[in-house]
Amino acid sequence: MIDAIKQNCSVLNALFFLRHDDDYPDEGQLRAIEFDLTEQWGLEVRISFCRREAPDVLEPSIGPYLKSANSFFRLPGYKEFSGVSQIAALDRCLEQSPRLIFVHRLHSMPPLMRTKRVLPPVFLDLDDIEHIAVLRTLSQPPHWWRKKVAYLHFPALVWGERKAIESTRATFVCSDIDQRKLARLFHAPHVTAIPNAVALPLISTPSHQPIIAMLGNYEFAPNRQGVEFFLNHVWPLILARFPKAEVIFAGRRAEVIQHYAHPPHQVSFPGFVKDLDSLYQRAQIVICPILSGAGTRVKIMEAAAYARPVVSTTIGAEGINLVDGKEILLRDTAESFADACVELLKNYDAAKMLGLAARAAIESRYDRGKIVARLAGVIRAAITQNNRQVGASE
């Protein structure tokens, strides 16, 4: 996204919304952040900050859920961005007369939806379809009473998602599947599928060690729930048939996983891993046992780029153009997921061929340069059209 933006703009004014209890950086810290991002992104970056509103403390009753369900701007996760301070922070940025506004995720849209200022072309990186992600999360166990009453928020969330999309020049999602869903539901012709892309590493020979790996941020509920499903229901079946197997769950916040304090046999949680090349070198297969959420999983594309065979649930691989049985294995029950893992662990050559087919698919379908060029073209066309409209009105 940044690479596409900098093909059209030379200066990026970035507004970051801090947590409500975070301290504002001092002048020296601000300049250091601007310098680092300017170096990393390759264009001049100017930064401003605004704290989010404090989240509501939900009491153990249905009343607060009913109150927040009346408006998208009162929903948890969106109310924090919808206050007077957040709108004023956006208005100060608009005084710089930007050529375009690029918004990361639906949570950041409320200030733009509530400001009275005239906006330049707005681009929204929706990424996930939020109402689908919420429905899938609520459907997963445990089924607490709070989850059931949280369904009351659904109409307001759908309304907010539709209004946010309507207020943009283009809204980006990760797959053609998501684009078609939104087109049918909201009749939104300007929703555009821009797939995720990954840099292609050198292909290395997979290890002969029977190691299964998963990468993710486990603070993200679908990742955490997927690990727990795997360890509770799939892993015992694998160990019973392949006792030498090991599984590694790498990534941030592994400590929130239910099994972290007392790992099952031959299970490890190394945390954040800097050297991905080394991790993928050790892994014979990669898993994505995701049962909820939306969008596309970069972890699958990354593993495929390393030419590692992937076993995933259907939801886990949703929106990624890999062919089941040829470039990936899709399995949705604990028994079939375990069968696929054991099959690959026992047949090294078959696993290697599946990984190489996945790598070839990523090379042909998710070339980073082509995707950046496509996105840059969408942005450039909107800027040109807006300039013509402004010139005509003058």
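Tutor: Contact, the term behind packing here, means heavy atoms within 4.5 Å. Helices (H or I, at least four residues) and strands (E, at least two) are DSSP runs, numbered from the N terminus. The model is predicted, so local features need pLDDT of at least 70 and side-chain atom pairs pLDDT 80 or more, while totals for chains, interfaces and linings use all residues. Residues are numbered from 1 along each chain as its sequence is written, and side-chain values use heavy atoms, without hydrogens or water.

Student: Against which elements do the buried residues of helix 4 pack?

Tutor: They pack against strand 1 (11-18), strand 2, strand 3 (101-104) and helix 5. The buried residues of helix 4 are Q86, I87, A89, L90, D91, C93 and L94.

Student: Why is E130 called buried?

Tutor: Buried means under 20% relative accessible area, exposed over 50%, and partly exposed in between (1.4 Å probe, protein chains only). E130 has 8% relative accessibility, so the residue counts as buried. E130 belongs to helix 6 (residues 130-139). Leaving aside residues up to four places away in sequence, E130 touches Y78, R105, L106, H107, L157 and E161.

Student: How do you know that R31 and E34 form a salt bridge?

Tutor: A salt bridge is a side-chain nitrogen of Lys or Arg within 4 Å of a carboxyl oxygen of Asp or Glu. In the pair R31 and E34 the closest N and O atoms are 2.6 Å apart, so the criterion is met. By this rule the count comes to 19 salt bridges.

Student: What makes R31 and E34 about one helical turn apart?

Tutor: R31 and E34 are 3 residues apart in helix 2 (residues 27-41), and therefore about one helical turn separates them. An α-helix has 3.6 residues a turn, so residues three or four places apart point the same way. The two partners fall into separate classes of accessibility: R31 is partly exposed at 42%, whereas E34 is buried at 11%.

Student: What makes D56 and K79 a salt bridge?

Tutor: The closest N and O atoms of D56 and K79 are 3.6 Å apart, so the pair satisfies the rule. D56 lies in the loop between strand 2 (44-51) and helix 3 (63-68), and K79 in the loop between helix 3 and helix 4 (84-94), so the bridge ties together parts that are 23 residues apart in sequence. D56 has a relative accessibility of 47% and is therefore partly exposed; K79, with 24%, is partly exposed as well.

Student: How do you know that R253 and E219 tie together parts of the chain?

Tutor: R253 forms a salt bridge with E219, with the closest N and O atoms 2.9 Å apart. R253 lies in the loop between strand 8 (246-250) and strand 9 (267-271), while E219 lies in the loop between strand 7 (211-215) and helix 10 (221-241), so the pair links parts that are 34 residues apart in sequence. R253 is partly exposed, with a relative accessible area of 32%. In addition, salt bridges that share partners join D3, K6 and R368 into one network.

Student: Why is H187 called exposed?

Tutor: The relative accessible area of H187 is 66%, so the residue is classed as exposed. H187 is placed in the loop between helix 9 (176-186) and strand 6 (191-193). Its phi is near 55°, a positive value in a residue other than glycine.

Student: What is the phi of Q266, and where does Q266 lie?

Tutor: Phi of Q266 is near 60°, again a positive value in a residue other than glycine. Q266 lies in the loop between strand 8 and strand 9. With 27% relative accessibility, Q266 counts as partly exposed.

Student: Why is S10 called exposed?

Tutor: S10 has a relative accessible area of 59%, so the residue is exposed. S10 lies in the loop between helix 1 (2-6) and strand 1. Not counting residues up to four places away in sequence, S10 touches L43 and E44. The C-alpha atoms of S10 and S82 are separated by 29 Å, and the two residues are 72 residues apart along the chain.
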